[in-house]
Amino acid sequence: MSRESVVAKRYAKALFELAQSNNMVADVEQQLKIVVDALTGDAQIRKFLGLPNVEVTKKIDIIKGALSDKVSVMVLNTVELLIIRNRQTAITDVYEAYTRVAGDALGQAHATIYTAKSLSSEELAKVSAQFGTMIGKRIIAKQIVEPALLGGVQVRIGDRLYDGSLSGKLARLEQALKTQAL
């Protein structure tokens, strides 16, 4: 486990405990997503935050000015602390660690469902419910259309991939045939 992920996990746990004591666990998760999108979505912002010749207070003032009406004080303070300690690049890792910690505490998990064609909301709900039953948690799913799958689905929950796609089955069949040929 890298040093960055250990650090991110520590920040995420502390933020989760604070959010839980204020009954804001889900709100903080959404706010962290806003921060991640804002800070990592724009190359100029990433470059600005990484500039060593810009004072930390100036960076913090700009970030606070841009985000203060969108996120809570506790999220802003976490971002400020990351910037002060020159760990602003870990904000995505903090968000991911926070979603895992919050998900474990709330009995939910985030899943990415890859399909060859777009599913209806009803079909997506059925797939989510099926995997939720399998892992014993409520699934919060997002769908990504990946035509290369040919058919079926792939579901990623955390670091686990469940592959029921046609392309995955063909790859496993090919591997089995190669193994038998040897």
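**Getting to know this chain**

Colleague: Let's start with one residue: is Ser118 buried or exposed?
Modeller: Buried means under 20% relative accessible area, exposed means over 50%, and partly exposed lies in between, with a 1.4 Å probe and protein chains only. Ser118 has a relative accessible area of 56%, so the residue counts as exposed.

Colleague: Good to know! And what kind of model are we looking at?
Modeller: Residues are numbered from 1 along each chain as its sequence is written, and side-chain values use heavy atoms, with hydrogens and water left out. Local features need pLDDT of at least 70, side-chain atom pairs count only at pLDDT 80 or more, and totals for chains, interfaces and linings use all residues, since the model is predicted.

Colleague: Which residues does Ser118 touch, leaving aside those up to four places away in sequence?
Modeller: Ser118 sits in the loop between β1 (108-115) and α7. One partner comes from 27 residues away in sequence, with a C-alpha to C-alpha distance of 5.9 Å. Contact means heavy atoms within 4.5 Å, and the residues that Ser118 touches are Gln143 and Val145.

Colleague: How many helices and strands does the chain have?
Modeller: Helices (H or I, at least four residues) and strands (E, at least two) are DSSP runs, numbered from the N terminus. Along the sequence they follow the pattern α-α-α-α-α-α-β-α-β-β-β-α. That comes to eight helices and four strands.

Colleague: What radius of gyration does the chain have?
Modeller: The radius is taken over C-alpha atoms, and the globule rule is 2.2 Å times the number of residues to the power 0.38. For 182 residues, a compact globule would come out near 16 Å. The C-alpha trace spans about 65 × 35 × 30 Å along its principal axes. The chain itself has a radius of gyration of 20 Å.

Colleague: What share of the contacts, counting those with a separation of 6 or more, joins residues 24 or more positions apart?
Modeller: As a backdrop, buried residues make up 35% of the 182 residues. Among the contacts with a separation of 6 or more, the share from residues 24 or more positions apart is 68%.

Colleague: How many aromatic pairs does a search of the whole structure find?
Modeller: Rings of Phe, Tyr and Trp (its six-membered ring) pair if their centres lie within 6.5 Å; planes under 30 degrees apart count as stacked, over 60 as edge-to-face and the rest as tilted. By that rule, the number of aromatic pairs in the whole structure is two.

Colleague: How many residues apart are Phe16 and Tyr98?
Modeller: Phe16 and Tyr98 form an edge-to-face pair, 6.1 Å centre to centre with 65 degrees between the planes. Phe16 lies in helix α1 (residues 3-21) and Tyr98 in helix α6 (residues 91-106), so distant parts of the chain are linked. Phe16 is buried because its relative accessibility is 6%, and Tyr98 is buried because its value is 0%. In sequence, the separation of Phe16 and Tyr98 is 82 residues.

Colleague: And in which strand is Tyr162, the partner of Phe131?
Modeller: Phe131 and Tyr162 form a tilted pair, 5.3 Å centre to centre with 55 degrees between the planes. Phe131 has 13% relative accessibility and so counts as buried. Phe131 belongs to helix α7 (residues 121-135), and 31 residues away, Tyr162 belongs to strand β4 (residues 160-163).

Colleague: Is Val155 buried or exposed?
Modeller: Val155 is found in strand β3. Leaving aside residues up to four places away in sequence, Val155 touches Ala111, Thr112, Ile113, Val127, Phe131, Arg160, Leu161 and Tyr162. With a relative accessible area of 1%, Val155 is therefore buried.

Colleague: What phi value does Asn23 have?
Modeller: Asn23 is in the loop between α1 and α2 (25-40). At 71% relative accessibility, Asn23 counts as exposed. Its phi is positive, in a residue other than glycine, and lies near 50 degrees.

Colleague: Where is Leu150, which also has a positive phi?
Modeller: Phi of Leu150 is near 70 degrees, and Leu150 is a residue other than glycine. Leu150 is exposed, as its relative accessible area is 55%. Its place is in the loop between β2 (138-145) and β3 (153-157).
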